[in-house]
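Me: I'm new to this one. Could you walk me through how to read it?

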Amino acid sequence: MTDCIFCKIANKEIPSDIVYEDDKIIAFKDVSPQSPVHILVIPKKHIGSLNDLDEEDTSLIGDIFKIIKKLAKDMGVDEEGYRVVNNCGELGGQTVHHIHFHLMGGRKFSWPPG
Ligand code: 5GP
Ligand code: ZN
């Protein structure tokens, strides 16, 4: 997708603070962090939202969660706890239409979310 900001980040067309990368997945710091640790983990291929996941994406999503687990440990928030968020669609609060998972940590989160 040529006009997708996260595709551009995955293709290194625009800079980001990358904390993990392999052939299918990239993770980078959120430009507007809402917690001391705030990382976005995305597939490199364009998937608009959770609604657009196919059967063939099951292992990709599993791999994304493996990376989230690793990053939580690397960032030192695994023991104290953290939050993983996927916003889907308008009411879900999704603003970038390339599926992404927020890894957030380093502070106490409230429930329910706003
Ligand atoms: P959403 O609201 O769609 O779940 O989350 C989108 C996130 O992407 C927001 O937290 C926002 O700060 C982040 N974001 C938007 N544009 C950029 C960008 O160009 N670079 C980075 N690193 N993060 C971005
Ligand atoms: Zn995209």
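Reply: Sure, let's begin with two strands: β4 and β5 run antiparallel and are joined by four bridges. Strands (E, at least two residues) and helices (H or I, at least four) are DSSP runs numbered from the N terminus, and two strands pair if DSSP finds at least two bridges between them. Across that pairing, Val85 stands opposite His102 in β5.

A note on the source: this is a predicted model, where local features need pLDDT of at least 70 and side-chain atom pairs count only at pLDDT 80 or more, while totals for chains, interfaces and linings use all residues. Residues are numbered from 1 along each chain as its sequence is written, chains are lettered from A and ligands numbered from 1 in the order written, and side-chain values use heavy atoms, leaving out hydrogens and water.

Me: With which strand does β3 pair, and over how many bridges?

Reply: β3 pairs with β5, again antiparallel, over five bridges. Here Val41 stands opposite Phe101 in β5.

Me: In what order do the strands form the sheet?

Reply: It's an open sheet of five strands, ordered β1-β2-β3-β5-β4, with antiparallel pairing. β1 (18-21) and β4 (82-85) are at the edges with a single partner strand each, so one side of each has no neighbour in the sheet.

Me: Is β5 enclosed or open, and how do I tell?

Reply: Look at accessible area: buried means under 20% relative accessible area, exposed over 50%, and partly exposed in between (1.4 Å probe, protein chains only). Five of the five residues of β5 are buried, so this strand is largely enclosed by the rest of the structure. Both of its faces are covered, with Phe101, Leu103 and Gly105 on one side and His102 and Met104 on the other.

Me: Which residues hold the zinc ion (ligand 2)?

Reply: Donors are N, O and S atoms within 2.8 Å of the metal (3.2 Å for Na, K and Ca); water is not among the atoms, so sites may look incomplete. For this zinc ion, the protein donors are Cys4 (SG), Cys7 (SG), His46 (ND1) and His98 (ND1), at 2.0 to 2.3 Å. His46 sits in the loop between β3 (37-43) and α2 (58-74), and His98 in the loop between α3 (89-92) and β5 (101-105), so the pair ties together parts 52 residues apart in sequence. His46 is partly exposed at 27% relative accessible area, whereas His98 is buried at 0%.
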